[in-house]
Amino acid sequence: MALSSKTLDQLAKHLHACQREARDTPKITDEHPEMDWDDAYAIQDRILAAKLKGGARIAGYKAGLTSHAKMRQMGVTDPVFGFLADEFTVPDGGEVKVSELIHPKVEPEICFVTRTELTGPGCSIASVLAASDVVLPGIEVIDSRYRDFKFDLKSVVADNTSAARFVVGGRAVDARSVDLRTTGIVLEKNGVPVALGAGAAVLGHPAAAVAMLVNHLGRRGKSLPAGSLILSGGATEAVAVQAGDHVTLRMQGMGSVSLRFV
């Protein structure tokens, strides 16, 4: 690590406050350019610890930067990973208050629910499918705390990969009964399709993102518990939303899920 424990504590407190109070900030590497990947995840860990201390529960996990082309462009070999707290949960068809967010965007997600524990290193797509119970559609609302959505990857890891809200719904199907690579995805805003994609857009197979999450946890001495919900990463570009918007995700063979912004 490049930063002191005191600095990590201060940065975690700052970013956590920005998330809770819906206020933006310049990216933290502006003042701490020496920050490394271990520092970034240590800040995220401190934010999680503060939430758990306040009574929150882990509702799931998420992967971001799940395009091979984007990873090559940014000079990284793995996606970035974050946690989902129960305070981020929105019921299917529910409301998201934009006053509680800074500049929200939505992404369509293929979501996994595990039935057995997964451990790394060495986790593969086959391992994930064998350990998965069901897959289902979900919408993640991302909301970077960084001003104008401008950040570098270490800053966004520290900011819990822009996690803000999420909804899952539709029809859960057995993870091994469907070809997730060819599963079609349509994201609609106010009844108009705004993004189209397929599961293969996520690392060639969305289970690859889950495997990378498991291997990431394994390197840090952790595992993915049985019964975990994982958002495997946006299958299309993120779409900006504002008050009055109604967003629906339609996923081939899995129905639809929606939320409203008020």
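How many cavities of 30 Å³ or more does the structure hold? There are 2, and this tour starts with them. Keep in mind that you are looking at a predicted model.

**Stop 1: the largest cavity**

Select Leu 15, His 16, Gln 19, Ile 47, Lys 51, Phe 88, Arg 145, Asp 159 and Asn 160, and you have the lining of the largest cavity on screen. The space they enclose has a volume of about 50 Å³. Try colouring these residues by class: you will find 3 nonpolar, 3 polar and 3 charged. Now turn on the cartoon. Helix 1, residues 5-21, and helix 2, residues 37-53, each bring at least two residues to this lining. Helix 1 gives the most, with 3 residues.

**Stop 2: the second largest cavity**

Next, select Cys 18, Gln 19, Ala 22, Glu 100, Leu 101, Ile 102, Asp 143, Arg 145, Ala 164 and Arg 165, which line the second largest cavity. Its volume is about 40 Å³. Colouring by class gives 5 nonpolar, 1 polar and 4 charged residues here. Helix 1 and strand 6, residues 163-168, each supply at least two residues of this lining. If Gln 19 and Arg 145 seem familiar, that is fair: they are listed for the largest cavity and also for this one.

**Stop 3: helix 2**

Go back to helix 2 and select 37-53. How far apart are its end C-alpha atoms? They are 24 Å apart, which agrees with the span that 17 residues should cover at 1.5 Å a residue. Now pick out the buried residues of this helix: Asp 39, Ala 40, Tyr 41, Ala 42, Ile 43, Gln 44, Ile 47, Leu 48 and Lys 51. Two of the names on that list, Ile 47 and Lys 51, also belong to the lining of the largest cavity. To see what covers the buried residues of helix 2, show helix 1, strand 1 (58-64), strand 2 (80-85), helix 5 (153-158) and helix 6 (206-219), which are among the covering elements.

**Stop 4: helix 6**

Stay with helix 6, one of those covering elements. Helix 6 has 14 residues and reaches 21 Å from its first C-alpha to its last, close to the 20 Å expected. Is helix 6 mostly covered or mostly open? It is mostly covered, with 13 of its 14 residues buried. Just after the helix, click on Gly 221, which takes a positive phi of about 75°.

**Stop 5: the loop at Ser 67**

Select Ser 67, in the loop between strand 1 and helix 3, residues 68-74. Ser 67 counts as partly exposed because its relative accessible area is 28%, between the cut-offs of 20% for buried and 50% for exposed. Beyond its neighbours within four places in sequence, Ser 67 is in contact with Ala 201 and Leu 203. For a sense of scale, draw a line to Ile 28: the two C-alpha atoms are separated by 24 Å, and the residues lie 39 apart along the chain.

**Stop 6: the open sheet**

Finish with the sheet. It is open and formed by 5 strands in the order 3-13-12-8-9, with mixed pairing. Its edges are strand 3 (95-96) and strand 9 (192-198), each pairing on one side only. Zoom in on strand 3 and strand 13 (residues 255-261), which pair in the parallel sense over 2 bridges. Your last selection is Glu 95, which stands opposite Arg 260 in strand 13.

Definitions and conventions
Residues numbered from 1 in each chain as written. Predicted model: local features only at pLDDT ≥ 70, side-chain atom pairs only at ≥ 80, totals over all residues. Heavy atoms only, no water. 1 Å grid on protein atoms, 1.4 Å probe; cavity = no way out; pocket = protein on both sides within 12 Å on 5 of 7 lines; lining within 4 Å. Points joined across faces, edges and corners; volume = space filled by probe spheres on them. Helix = DSSP H or I, 4+ residues; strand = E, 2+ residues; numbered from the N terminus. Nonpolar A, V, L, I, M, F, W, Y, C, P; charged D, E, K, R; others polar. Pairing = 2+ DSSP bridges. Expected span 1.5 Å × (residues − 1). Buried < 20%, exposed > 50% of the residue type's maximum accessible area, 1.4 Å probe, protein only. Contact = heavy atoms within 4.5 Å.
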